[in-house]
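Hi,

Here is the structure I promised to pass on. Have a look at it first, and then read my notes below.

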Amino acid sequence: MARVHLPVVDARPERPAGQGTVTGDPLVDTFARRIRYLRVSVTDRCNYRCSYCMPETLEKSGGLSFQPRSAILSFEEIEQIVAVFADLGVRKVRLTGGEPTVRHGIVDLVRRVARVPGIEQVVMTTNGHLLADLAVPLRDAGLTAINVSVDTLDAGRFREITSRGDLPRVLAGIDAAVAAGLRVKTNAVALHGINETELVALCEDAWARGATPRFIEHMPMSDGALYDSSQRISAAVIRRTLEEVHGPLVPAETRNPDAGPARYWALANDPAKELGIISAMTEHFCDDCNRLRLTAIGELHACLGHDDAVSLRDVIRSGGSREDLVRAIAGAVSGKRAGHVFEAKAPAKHMIGIGG
Ligand code: SAM
Ligand code: SF4
């Protein structure tokens, strides 16, 4: 299926690599950004087919293919790679997918990653379909926090967006995760014509469940033709919509350096109620980017918005040493771009393969 490129609203030029501080530290890039956080996609499979991520049309047209089992990193390989990152200073690992809970043995993987010396936080992003039964085992294995994707509170619309999703199951999963003592955030991709009338309700529902709501600006990946840029709801509109009902928002607590890209806001008249917005398109956070992404087949991507990658799996499977892995990681970090240029050039890779 042909990819339709959206009109350019962000044509910020690339800064050439080579500017900025080069410290000799493999996890400091040429723009002096320090990598603190590794996202690991543990599978390219999913039990849902969300329209913005892995639309069924894309799959049926042959625009998406799955990797054979032999291509996917084993738990031992993931552990080996995480151990090298931990030695280099990474303290937080997020397991994502595809859908991480469909990977057989996911609880064991969490336990293994949580035991890697130096790793302080193992967290996960999930669609929540299997979470009700997994929340306690995941917590016992060492998971501390979980993000659950919920774009709507209307069961019929949820089914339309996800093709095969089950909203009551997902909400039960959120409740089970909160009851298990996990820190829970919800993720909704904010889109006109899909969930624009539910932004306030999504926040109120998350707060009532003991979770923190978050919104993600739609990014033109995975067949961006499905949505055009006029459907994206910007961070500014999201804030304004909340303020019309709940009064002014103020920036929430100081950011943790290991945190992800969301910016957090709190209700001025009830500061315990926070919401996060991942404003990838309209309010860049590339200058503060602190993360790398490892795909299920072991490709290390320095930026979500570019296709360059270095295969750590090939280093391991060709008998490479720890030093070879460090060299490959340093290569990926030194090539990390200044920022994405989504609107000018959407990456060829799919969200399902990289994990958000
Ligand atoms: N399956 C898990 C889930 O749905 O949470 C983890 C993987 S999913 C790719 C990670 C996150 O990316 C989800 O919160 C999803 O809503 C978001 N996402 C997927 N496609 C997106 C897109 N085109 N733009 C913005 N966010 C997207
Ligand atoms: Fe699957 Fe998550 Fe993508 Fe939906 S957003 S298709 S649940 S990987």
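The lining of the second largest cavity breaks down by class into five nonpolar residues, two polar ones and one charged one. This is a predicted model, by the way, so please read everything here with that in mind. The residues around that second largest cavity are Val150, Thr186, Asn187, Ala188, Leu202, Pro213, Arg214 and Phe215. Two elements, E5 and E6, each put two or more residues into this lining. The space inside the second largest cavity comes to about 30 Å³.

How many cavities of 30 Å³ or more does the structure hold? There are two of them. The largest cavity has a volume of about 40 Å³, and its lining is made up of Val150, Leu153, Leu171, Ile174, Thr186, Leu202, Asp205 and Ala206. Sorted by class, that lining has six nonpolar residues, one polar and one charged. Helix H6 (167-179) and helix H7 (199-209) each bring at least two residues to the lining of the largest cavity, and H7 gives the most, with three residues. If you click through both lists, you'll meet Val150, Thr186 and Leu202 in the lining of the largest cavity and again in that of the second largest.

Now for the ligand, which is probably where you'll want to zoom in. Ligand 1 is surrounded by 19 residues, and the closest are Tyr52, Gly98, Glu99, Ser149 and Met219. By class, this shell holds six nonpolar, 11 polar and two charged residues. Three strands each supply at least two residues of the shell: E3 (121-126), E5 (183-190) and E6 (212-217). So E5 and E6 turn up in the shell around ligand 1 as well as in the lining of the second largest cavity.

A few polar atom pairs are worth displaying:

- Glu99 has a polar side-chain atom 3.0 Å from a nitrogen atom of ligand 1.
- Met219 has a polar backbone atom 2.9 Å from a nitrogen atom of ligand 1.
- Thr126 has a backbone N or O atom 3.1 Å from an oxygen atom of ligand 1.

How much of ligand 1 does the protein bury? On its own ligand 1 exposes 550 Å², and the protein buries 96% of that.

Next, some backbone oddities. Most residues other than glycine have a negative phi. Ala32 is not a glycine, yet its phi is positive, at about 65°. You'll find Ala32 in the segment before strand E1 (37-41). Is Ala32 buried or partly exposed? Ala32 counts as partly exposed because its relative accessible area is 41%, which falls between the 20% and 50% cut-offs.

Ser163 is another non-glycine residue with a positive phi, here about 70°. Ser163 sits in the loop between helix H5 (155-162) and H6. With a relative accessible area of 29%, Ser163 is partly exposed too.

One last thing, on Arg139, which is part of helix H4 (residues 131-141). Arg139 is partly exposed, with a relative accessible area of 35%. Along the chain, Arg139 and Leu182 are 43 residues apart, but their C-alpha atoms are separated by 6.9 Å.

Cheers

Note on methods
Residues are numbered from 1 along each chain as its sequence is written. Chains are lettered from A and ligands numbered from 1 in the order in which they are written. This is a predicted model: local features need pLDDT of at least 70, side-chain atom pairs count only at pLDDT 80 or more; totals for chains, interfaces and linings use all residues. Side-chain values use heavy atoms; hydrogens and water are left out. A residue is near a molecule or strand if one of its heavy atoms lies within 4 Å of it. A polar contact is a pair of N or O atoms within 3.5 Å; within protein, one must be able to donate a hydrogen and the other to accept it, and residues adjacent in sequence count only if both atoms are side-chain atoms. Accessible areas come from the Shrake-Rupley method with a 1.4 Å probe; for residues, only the protein chains shown count as cover. Helices (H or I, at least four residues) and strands (E, at least two) are DSSP runs, numbered from the N terminus. Ala, Val, Leu, Ile, Met, Phe, Trp, Tyr, Cys and Pro count as nonpolar, Asp, Glu, Lys and Arg as charged, and the others, Gly among them, as polar. On a 1 Å grid over the protein atoms alone, a cavity is a set of points where a 1.4 Å probe fits but cannot get out, and a pocket is an open set with protein on both sides within 12 Å along at least five of seven lines; lining residues have an atom within 4 Å of a point. Grid points are joined across faces, edges and corners, and a volume is the space filled by probe spheres set on the points. Buried means under 20% relative accessible area, exposed over 50%, partly exposed in between (1.4 Å probe, protein chains only).
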